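This report introduces a protein structure to a reader who has not met it before. Please keep the sequence and the 3D view at hand while reading.

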Amino acid sequence: EADMGDAEADRLVWGGRVPVAFTLDASERTQAGAEADICYMLVPRYTYLSLCTDKVRKHFGLPASQTKEDEVWYEFRDQALKWNIPVGVLFDCFAATETLPWQLTVHTKDYPEKQILRCPDMAAVEAFYISRVKEATCLKHGSIQIDGIQTQDDKRHLWMGLVQDDFEQFHRVSDKLMVCRESNWFKHVPVRVYRPDPSKPGGVSVQQKLVGSTSQQERTPLTLADLVALVNPDRAPVRALLHGVEPPLSTPLQWLCHHFCHPDTFVHIVLLPADSSTT
């Protein structure tokens, strides 16, 4: 029964979506062929905004290929959005209390490269994604010399599972990355913690702490509460969102790594003030 529940959690997490309304910036609608209506999408929480760009360009009649001068970027309430942070994480940081759909503005001019990384093409997104998978794998196992990330076929299946929203194709490979090699525990849990912060590039502060799956002394499982205490030393009341939900703080980090990680196999956590609430 427990295994059935875990498998259901995997599919529910994969199936998470953010309804998004993309609108082309008013000052850019005069471009030849650009349409003025809205592009609606149900965007997977785990994906990147850059993977929406081909559909957005087609919808608004923009050229299929882009140059440095017309590179697409996205904005929410005057905040340029980082393409290399998963969509669901961005939504939880900036719009968890907003009425849906999430209203995003599409730009093709004046790329804010001081705020966000450039994204010239899909190859850049793939290279970023695979490097993040390798980083997470090294944290979990102390090496990337394991099944699931060694061959070009493995990397391609991971990438295409993400791009094509193919749960089965992705998990045929990613499950290999979750097999503990020397014990029942990962060496470290790959985790990234986000907080909205207007003073930071992209409006988000990111913490990446080296945290184990168990306590060193007692070998007891570390929990979400332990992680929150580590990244929140002043003990300010916060809410921890993963894929838009708040798991119990007693949830073991290793279980979250198995079942609540993103396709890059990191656990992405958004911390919000405790007095904020979702709608």
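At what angle do the axes of helix α5 and helix α6 cross? In this predicted model, the axes of α5 (residues 152-163) and α6 (residues 167-174) cross at roughly 145° and come within 8 Å. The crossing in which α5 passes α6 is left-handed. On the α5 side the contact is made by D154, H157, L158, M160 and G161, and on the α6 side by Q169, F170, V173 and S174. Sorted by class, this contact of α5 with α6 has four nonpolar, four polar and one charged residues.

**The four-stranded sheet and its helices**

Four strands form an open sheet in the order β7-β6-β9-β8, and their pairing is mixed. Because β7 and β8 stand at the edges with a single partner strand each, one side of each has no neighbour in the sheet. From one strand to the next, the twist averages 25°. Helix α3 (residues 87-94) packs on this sheet, where α3 touches β6, β7, β8 and β9. The direction of α3 makes about 10° with that of β9.

Helix α7 (residues 224-231) has the buried residues L224, L227, V228 and V231. These residues lie on the same side of α7, because they cover an arc of only 100° around the axis. A general rule fits this pattern: an α-helix has 3.6 residues a turn, so residues three or four places apart point the same way. The partners against which the buried residues of α7 pack are β6 (191-196), β7 (204-207), β8 (238-241), α8 (253-259) and β9 (267-273).

**Strand β1 and the strand pairings**

Is strand β1 mostly covered or mostly open, and how many of its residues are buried? Strand β1 (residues 17-24) is mostly covered, with six of its eight residues buried. β1 pairs with strand β2 (residues 38-44) in the antiparallel sense, whereas β1 and strand β5 (residues 102-107) run parallel. The table lists these pairings together with that of β8 and β9.

| Strand pair | Sense | Bridges | One bridge pair |
|---|---|---|---|
| β1 and β2 | antiparallel | seven bridges | V20 and M41 |
| β1 and β5 | parallel | five bridges | L24 and V106 |
| β8 and β9 | antiparallel | four bridges | R239 and L272 |

In the last of these pairs, L272 of β9 is the bridge partner of R239. The edge strand β8 thus appears twice in this account: at an edge of the sheet, and among the elements against which the buried residues of α7 pack.

Note on methods: Residues numbered from 1 in each chain as written. Predicted model: local features only at pLDDT ≥ 70, side-chain atom pairs only at ≥ 80, totals over all residues. Heavy atoms only, no water. Buried < 20%, exposed > 50% of the residue type's maximum accessible area, 1.4 Å probe, protein only. Helix = DSSP H or I, 4+ residues; strand = E, 2+ residues; numbered from the N terminus. Arc of directions from axis to C-beta. Contact = heavy atoms within 4.5 Å. Pairing = 2+ DSSP bridges. Axes fitted to C-alpha atoms, helices over the stretch in contact; angles between N-to-C directions. Left-handed = near helix turned anticlockwise from the far one by under 90°. Nonpolar A, V, L, I, M, F, W, Y, C, P; charged D, E, K, R; others polar.
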